[in-house]
Amino acid sequence: MSLRSLTLILLALATLLVLPTAGADYLAPELRASVEKLKADYRAAPTRPETYPARARVAWDWLNAYAMTGKSVPVNITTAVRPVVPERVRRGDLRNLDYYLEELILLDEEPDALGTLTADLGPFESRTFVEIHQRYTVGKRNIKQGGGFVIAHHFMPGYGAFQVTDPAGKNYVTITSDNQEVRFAPDAVPIAGMHGGFRGAAPGLAFRVTAGELKTGDTVTVTYGDRSGGGPGLRMGPASTDFLPIPIYVSFDNSDHAYALPIQPIKVSGTDIDAVHIFVPSVVRPGEAFDISVRAQDRYYNRAKAPIPPLNVMVNGKPFKSLPQTGDAITIIKGARFDEPGVYRFSATSADGQITGVSDPMLVSADARKIYWGDTHGHSGFAEGIGTPDRFMQWAKEDARLDFVTHSEHDIWMDDFEWNKLINNVEKYSEPGRFIAYPGYEWTARNIYGGHHNVLFRNTKDRRRIPTQFYPLLSDLYQGLRDNYDTDDVLIIPHAHQAGDYRQNDPTMERLVEIMSHHGTFEWFGKMYLSHGHQVGFVAASDDHLSQPGYTGPWSGVMAQRGGLAAVRATENTRDGIFDAMKALHTYATTGDRIIADVTLNGAEMGERTAFAETRKIEGRVIGTAPIDTITIVKNGQDIWHRDYLTAQSGRYKDTEHFYVSFESPSVPMNPNDNPRGARSWIGTLEITGAEIESFEATDFFNPDLNVLKRDEKNPGLIHFATGSRGDVSSIKLTLRNVKRSAKALINIEPALEYGSPTVFRPSKTTPASSVTLRFKDIDDGQVSEILPFDIYDDRITLRRVIEDGPDDVSFSFEDQGNLQGDYYYVRIKQANDASAWTSPIWVGGFPHQ
């Protein structure tokens, strides 16, 4: 018997002295022996660079074995325990590992030390003020003077900052105990990660024990939104959820170690009805039965609270069905069918006309390719978001009425229990012909190591993640997936927000690129992959972190836009049908609107490579969710054909005219391989002189907490606005009367810090104050613009004269000549509501990318 084997046996026997007598050990015997050795080694000496890899490997197995019991593990532990680091082991790696070894040792040896936590679970109504209590019962370890509680603040839910100085103010937080000898004092402690500064430490609220000692069985109550001093309460965030994290950490003494307590599943529900949205399939066959979902929503996209008023549903302006008052936010009309081919559009209105809504278009056609809508990138509370994985799937299937989805949780925040839960949910919620869930995750690495990539699997059979904790470089990910799986069953999709390295590509697995999400619009990102010779298609996704994939607005004032969608042109809604179509690049991307697009080149469809020909005939049809603004054909990264359907021709003004004032800012990074430029805020006033403002509306002001659009109380010609752009356009539509030739649009923009981008080389900067005058007499070819130079960027404000009702169903054709092999073409579509779509490229001749 070797010395190592004898040592392991002795260590295993020694564990009997520290393990609870009841129940089986959650660690297998060999792992138990390794853990006990790790404990002994750690107590003898802190981790050093040379001991880090072995210790981290045991700690990784240890934390995952503990997680598999179903008990809570600290949220950031999987980011700190990394058995394989991309470069040398750094001081922070050593410090983080030792910090969480302390946590694991406590959970293992003193399972009752932490005590218990309960909370008022709700549900609480979205964006209302409430008072919430969390009650902690002290465990087997007393809390001495200098110890106490960290009242952490999750950066995602939007409930606002806590405060302890103004009892009459909102979000006032207090702490009390039934132990009358104990006194507390507020303090500030640095907190990093999702419960603090996220990308760096930020001051967080703490209460320290300054007198007495909390003993086993004592109770402590933390009151959020304490109203005893006249305050309104804690303001709930905008998103409904079944898991709102309000974290608490406990510290037993005056050391800097605070132990995570299990997060309580506080619930938030929707508020009053604001609108309805109608979901229908994009393409059905004549006579084919289909379901219609009528969803009542509040202004934050949540399910509206009851009662839902009676609704009259129309199709193409004619009565279709009357829906009675109900207590359910979602009503399904089953078994509808139309025999006559054509485009159908549904609408719904309440009896008083206050509640309205429309559907996306539906094409009834015998031969059009079916279109299936999905979200390949979304998160829950398993990572840095909120909500449970079940809520994620329920939202995707019922609220967003998606055809497919991937719950692509960050691997840096995922343990084995969570991965198994995601795998089980794929089987639990998938329903062939109706809804397909694909297993997957987000491989999460910094730009220098390859950037973020979503990994999707065809099915759940023997699937395990190839995580960044063991595969820290993009080349490692490619090789790890190849070593473990058939590449035909794997799909990799990089995205731009944490930019994937477009110099690298695995041609059989990395077939699609995400060019739009909540974070912004990044067409340039897809162009970079294409310019490097990679044969990839386009999709968009939400990157939602609220467990609301496929249909939600921007959240927390951080995101720039609504979530995007992936359109997949497939023959059937099955696991293989959709996956094969994605692998074949039969896809296009939209900014969330379910625009119907069909484009061919010499008969080849999106994502295909057709035989070389000098004459390239590009044909297409677009059926919009709103009037079509422009259609542009892009060849080898350059616009070669453009058709404008919305801009009005020059001529004398009529009594009533329509104009757009549009704001746009590029998102391309200043430096190669950096993350995109952050979103630009457009905050200020718009004054119209020489014309009367009859009405105005926003095209894409989707964030009620961030966006502002209102008329000045004293000056009817003055509008206050706040919006943002990141690679896209955000517009105000004006209806003006009595427009004079001398009319002007006077726009004043406040300085504002760019937001929402973790750039590496160029930090976010403050855009300067600007005053812009756009004269109506200078409108040429329907518009006049002013460029606002900023660094390398040309931000722009445009005044454009538009027609009142543009076409929402257009066909186009263009013939190009070329003599080069491998040219590629794609189509960019823009609508009057500032929604966009991009088709996957079609290649002409050349060699396929293999």
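1. Start with the aromatic cluster: in this predicted model, Phe290, Phe320, Phe338, Tyr344 and Phe346 group together as one. For context, searching the whole structure turns up 34 aromatic pairs.

2. Among the pairs, take a look at Tyr136 and Phe149. Their ring centres sit 5.3 Å apart with the planes at 70°, so this one counts as edge-to-face. Tyr136 belongs to strand 4 (residues 132-137) and Phe149 to strand 5 (residues 148-151), so the contact ties together parts that are 13 residues apart in sequence. Both Tyr136 and Phe149 are buried.

3. Phe522 and Trp524 make another edge-to-face pair, with 6.5 Å from centre to centre and 80° between the planes. The pairing cut-off is a centre distance within 6.5 Å, so keep that in mind when you read the value for Phe522 and Trp524. Phe522 is buried, and Trp524 is too.

4. Two arginines are worth a click if you care about charges over rings. Arg680 sits over the face of Trp682, 4.2 Å from the ring centre. Arg32 does likewise with Tyr26, over whose face it lies at 5.8 Å from the ring centre.

5. How many of the nine residues of helix 10 are buried? Seven are, so helix 10 (residues 575-583) is largely enclosed by the rest of the structure. The buried set mixes residue types: Arg575, Gly577, Ile578, Phe579, Ala581, Met582 and Lys583. Note that Arg575 and Lys583 are on that list.

6. Just a backbone remark to finish: Leu585, which follows helix 10, has a positive phi, near 70°.

Technical notes
Residues are numbered from 1 along each chain as its sequence is written. This is a predicted model: local features need pLDDT of at least 70, side-chain atom pairs count only at pLDDT 80 or more; totals for chains, interfaces and linings use all residues. Side-chain values use heavy atoms; hydrogens and water are left out. Buried means under 20% relative accessible area, exposed over 50%, partly exposed in between (1.4 Å probe, protein chains only). Helices (H or I, at least four residues) and strands (E, at least two) are DSSP runs, numbered from the N terminus. Rings of Phe, Tyr and Trp (its six-membered ring) pair if their centres lie within 6.5 Å; planes under 30 degrees apart count as stacked, over 60 as edge-to-face and the rest as tilted. A charge sits over a ring if NZ of Lys or CZ of Arg is within 6 Å of the ring centre and within 35 degrees of the ring normal.
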